[in-house]
Each structure stands twice: as structure tokens, then as C-alpha cells.
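Subject: Structure for your review

Dear colleague,

Please find below the structure that I am handing over to you. My notes on its charged side chains and on one of its helices follow.

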Amino acid sequence: MSALSTMSATSALTPFDLDPAAGTDSQVLVLGIGNLLWADEGFGVRCAETLHRDWRLPAGVAVMDGGTQGMYLLPYIQGARRLLVFDAVDYGLQPGEVKVVRDDEVPRFMGAKKMSLHQTGFQEVLAAAAFTGQLPDTMVLIGVQPEDLADYGGSLRPLIQARIPAAIDAAVAQLAAWGFAPERRPEPLAETLADASLDQSIYEAGRPDETLAWRLGDPRFLNRRDEIAGAAGDVGAANVQGAA
């Protein structure tokens, strides 16, 4: 497997610096962006993981978990001739609808209804790439209308999870149209796209049920319900004593 196929956004090199086969006309970046900790916000990252796991990509194509890296993604965008982005986007459609937009429409939809700081950041990345004269020649955004963004520590809602195959089909078709047809792997790739702890199967296995996770979030990231209740009780008692 080429080092090009999986990259972290913290690397100082672009993916194309690592592959001598990636000529100036064969630099395609597939980027999943979003926040795994906010339910359907993680759609783009989970799509990138799925493409990496289930499909073998030809030389010159990189797939990345861009997370919420913002301007750290600039050199990767500048190094790509073609850019394909997965994300959860507020298109104003019914939850679960997948929509594909292209080229000049991409920055417009990324900022039309900002649901997250990462969208503002990514819009600025595209603007910076354009300012430096290094915007990709072609851009495609494959987005889904989210259902729930308010469950901190939650996962994709079943409706949105079920739309990942449609997004992957759209991406595979687009890559093939660009002349970079992926091949389905006979077996899923064991190597994860990012840190293994963030892989969906591992992340889901470590999540508590909704009685602990809903609203207060996943206890791996927020205080537990009983700790919060106890702290609130201590504050209330202190206020009563102070009033007396």
C-alpha cells in the first residue's frame, strides 16, 4: 500500500510529496471533514474512513481525515489538482438527503448555513488557496443533510449512517470519471485511517448508553451525571449557608 493512501493532517508534507508516481496531473485529494464528537457532524470523517477501508485507490489519490483542522489543511489543498470533500452540510433539505455540488458552488454551500466552526475554517482554507493561486482545478462536495448535531459524544444517527454507502458510491463514480477508478478490496483493510481509538467500531464499543451519553455527553469527554448532580448540590448548600 502506498504511503499516499492514508495521511494525517498534522504532517508537514503534503501526501503528494511522498509518492513519486503523483505527477502534476494525478493529484487527487479525498478529504473527510467534521467533528466526531457531535453526532452527525462526523459524517464526512466516517465516509473517508469507509472509502479507505473498503476501496483500493490508485496512485495519485490520497484520502485524509481532515477533522476540524482548518488552516492546517491549506498545504494539502494547495497540493491537489482535484479535491473531493465529504461533510455534513445544511442544504435546507430533508435529513438524510445526499447532495453533490461542484466547483464554485463548494465554498458557497460550505458557508451558506454554518453548523460548526470547522465549516468557517474550511471556507477560509479555500479562500486562502484561491488567494495564493493554488486552488484545485476541480472541486466536488458530497454532503448529507444532518438530523442531529446536538448530542455531544453521540454517534451518527441511523438515518445518516445509512447514507454513507450512497456517498461512497458518488465518490467512487466521481473518481472513475476523473480517470482514477478505485477497486473494491476483497477484504476490509485492517489499518485505520487515523488513530485506531477513533475508528467507528472501537469508538462505538466504548460509548455508554443514551441514559449516560445524551446531552451530558460521553463520560470519556464530560463529567458524569452523578458528579454533576453532586457538584450542583454542593453549590446549592453553600448558597443556603451564605444566605443564612
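A salt bridge is here a side-chain nitrogen of Lys or Arg within 4 Å of a carboxyl oxygen of Asp or Glu. Please note that the model is a predicted one. Across the whole structure, a search finds five salt bridges. Three of them are described here, followed by a charged residue without such a partner.

Arg 157 and Asp 148 form one of these pairs, with a distance of 2.7 Å from N to O. Both Arg 157 and Asp 148 are buried.

A second pair joins Arg 81 to Asp 137, whose closest N and O atoms are 2.6 Å apart. This pair links distant parts of the chain, the two residues being 56 residues apart. Arg 81 sits in the loop between helix H2 (74-78) and strand E5 (82-88), while Asp 137 sits in the loop between helix H4 (117-131) and strand E7 (138-144). With a relative accessible area of 28%, Arg 81 is partly exposed.

The third pair is made by Glu 183 and Arg 56, where the closest N and O atoms are 3.8 Å apart. Here too distant parts of the chain are linked: Glu 183 belongs to strand E8 (residues 183-184) and Arg 56 to strand E3 (residues 55-56), 127 residues apart. Glu 183 has a relative accessible area of 49% and is therefore partly exposed, since only values over 50% count as exposed. Arg 56 is likewise partly exposed, at 39% relative accessibility.

Asp 65, in strand E4 (residues 61-67), is the residue without such a partner. What is the nearest side chain of opposite charge to Asp 65? It is Arg 46, 7.0 Å away, and Asp 65 has no salt bridge although it is buried. A polar atom of the Asp 65 side chain does, however, lie 3.0 Å from the backbone nitrogen of Gly 67.

Arg 46 leads to helix H1 (residues 43-54), where it is among the buried residues. Helix H1 has twelve residues and reaches 16 Å from its first C-alpha to its last, close to the 16 Å expected at 1.5 Å a residue. Eleven of the twelve residues of H1 are buried, so the helix is largely enclosed by the rest of the structure. Other buried residues of H1 include Phe 43, Cys 47, Glu 49, His 52 and Asp 54.

Yours sincerely

Methods
Residues are numbered from 1 along each chain as its sequence is written. This is a predicted model: local features need pLDDT of at least 70, side-chain atom pairs count only at pLDDT 80 or more; totals for chains, interfaces and linings use all residues. Side-chain values use heavy atoms; hydrogens and water are left out. Helices (H or I, at least four residues) and strands (E, at least two) are DSSP runs, numbered from the N terminus. Buried means under 20% relative accessible area, exposed over 50%, partly exposed in between (1.4 Å probe, protein chains only). Lys and Arg count as positive and Asp and Glu as negative; His and the chain ends are not counted. A polar contact is a pair of N or O atoms within 3.5 Å; within protein, one must be able to donate a hydrogen and the other to accept it, and residues adjacent in sequence count only if both atoms are side-chain atoms. The expected span of a helix is 1.5 Å times one less than its number of residues.
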